Amino acid sequence: MHSSLNNMEQAYSYQPMPLYDDHHQPTFHFDKQSAVKYKMDLNLYCIKKPKQTFFMRVNNPNLTSWGIEQGDMLVVEETVEVAPGDLVVVEQLGELQLYEFFSAKGSYLVFFSLDSKHKNLQVNSLEQLALRGVVTNTIHQLRGRKNAA
C-alpha cells in the first residue's frame, strides 16, 4: 500500500493533501503521518469533467445574500442540461451572470437572477440563452483574503 501511495503522489505535479474527518478519532495525532487515512486532491473532488470545466472568479459584490462573495472562485461545468435549483452561468452583453434555475412554468423556463440589479429570465427553451454552464462548487477563502490581492 505504501508504494501505491508513492506512485500516486509522483503522478501529480503537486501533492494531494492529508484529509481528516471531523468526528472523534481515537488514534488522532495531528502531527503524525500515520493518522492520515486518506489524501485529497481538490481537482479530483471538484472537477468531474475536466475538458468541460472552467473557473470563474466573482467580482460582483451583489451576491453575498447567496453566500458568494467578491474573490470567490466558482467551478463551472459546461452543460446543456439544467435541473431546478442549479446555479447557472449565462453570458449577457459580454458578461457572465449567475442565475438559479427555478422551474419550468408551463411552457417557460424560469431563472432567478442572483444579482438584484439584473432581471429574472423567462425563456421558451435553453437555446434562447447563452448558457455557459452549471456551478458545481465554490471556493471561498475565509482567511487572508485582504492580504492575498
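**Entry 1: pairing.** I take two strands as paired if DSSP finds at least two bridges between them. The model I examined is predicted. With that criterion I looked at S6 and S7, and I found glutamate 100 opposite phenylalanine 112 in S7. Tyrosine 99 stands opposite serine 113 in S7. I recorded six bridges joining S6 to strand S7, residues 108-113, and the two strands run antiparallel. S6 and S7 form a hairpin with two residues between them. In that turn, glycine 106 has a positive phi of about 65 degrees.

**Entry 2: the other neighbour of S6.** I then turned to S5. Strand S5 covers residues 87-92, and six bridges join S5 to S6 in an antiparallel arrangement. As an example I noted valine 90, whose bridge partner in S6 is glutamine 97. S5 and S6 also form a hairpin with two residues between them. The turn residue I marked here is leucine 93, with a positive phi of about 50 degrees.

**Entry 3: the whole sheet.** In what order do the strands of the open sheet lie? I read the order as S3-S4-S9-S5-S6-S7-S8, seven strands with antiparallel pairing. The edge strands are S3 and strand S8 (121-123), since each is paired on one side only. From one strand to the next, the twist averages 40 degrees. I checked two further pairs. S4 and strand S9 (residues 131-139) pair in the antiparallel sense over five bridges, and valine 76 has valine 135 in S9 as its bridge partner. S7 and S8 run antiparallel and are joined by three bridges; phenylalanine 111 has leucine 121 in S8 as its bridge partner. I kept in mind that side chains in a regular strand alternate between the two faces of the sheet.

**Entry 4: the second largest pocket.** I next looked for empty space, which is what rolling a probe the size of a water molecule over the atoms shows. The second largest pocket holds about 170 Å³ of space. Which elements give two or more residues to the lining of this pocket? I found strand S3 (53-57) and strand S6 (95-105). S6 gives the most, with four residues. Among the lining residues I listed Met56, Arg57, Glu95, Leu96, Gln97 and Leu98. Val58, Asn59, Asn60, Leu63, Asp115 and His118 also line the second largest pocket. By class, I noted five nonpolar, four polar and three charged residues in this lining. Gln97 thus appears twice in my notes: as a residue of the pocket lining and as the bridge partner of valine 90.

**Entry 5: asparagine 60.** I chose one lining residue for a closer look. Where does asparagine 60 lie? I placed asparagine 60 in the loop between S3 and strand S4 (73-77). The side chain of asparagine 60 reaches the backbone nitrogen of asparagine 62 at 2.7 Å. The same side chain makes a polar contact with the side chain of aspartate 115, at 2.7 Å. Leaving out residues up to four places away in sequence, I found that asparagine 60 touches Gln70 and Asp115. Asn60 and Asp115 both belong to the lining of the second largest pocket, and their side chains make the polar contact noted above.

Technical notes
Residues are numbered from 1 along each chain as its sequence is written. This is a predicted model: local features need pLDDT of at least 70, side-chain atom pairs count only at pLDDT 80 or more; totals for chains, interfaces and linings use all residues. Side-chain values use heavy atoms; hydrogens and water are left out. On a 1 Å grid over the protein atoms alone, a cavity is a set of points where a 1.4 Å probe fits but cannot get out, and a pocket is an open set with protein on both sides within 12 Å along at least five of seven lines; lining residues have an atom within 4 Å of a point. Grid points are joined across faces, edges and corners, and a volume is the space filled by probe spheres set on the points. Ala, Val, Leu, Ile, Met, Phe, Trp, Tyr, Cys and Pro count as nonpolar, Asp, Glu, Lys and Arg as charged, and the others, Gly among them, as polar. A polar contact is a pair of N or O atoms within 3.5 Å; within protein, one must be able to donate a hydrogen and the other to accept it, and residues adjacent in sequence count only if both atoms are side-chain atoms. Contact means heavy atoms within 4.5 Å. Axes are lines fitted to C-alpha atoms, for helices over the stretch in contact, and angles run from 0 to 180 degrees between N-to-C directions.
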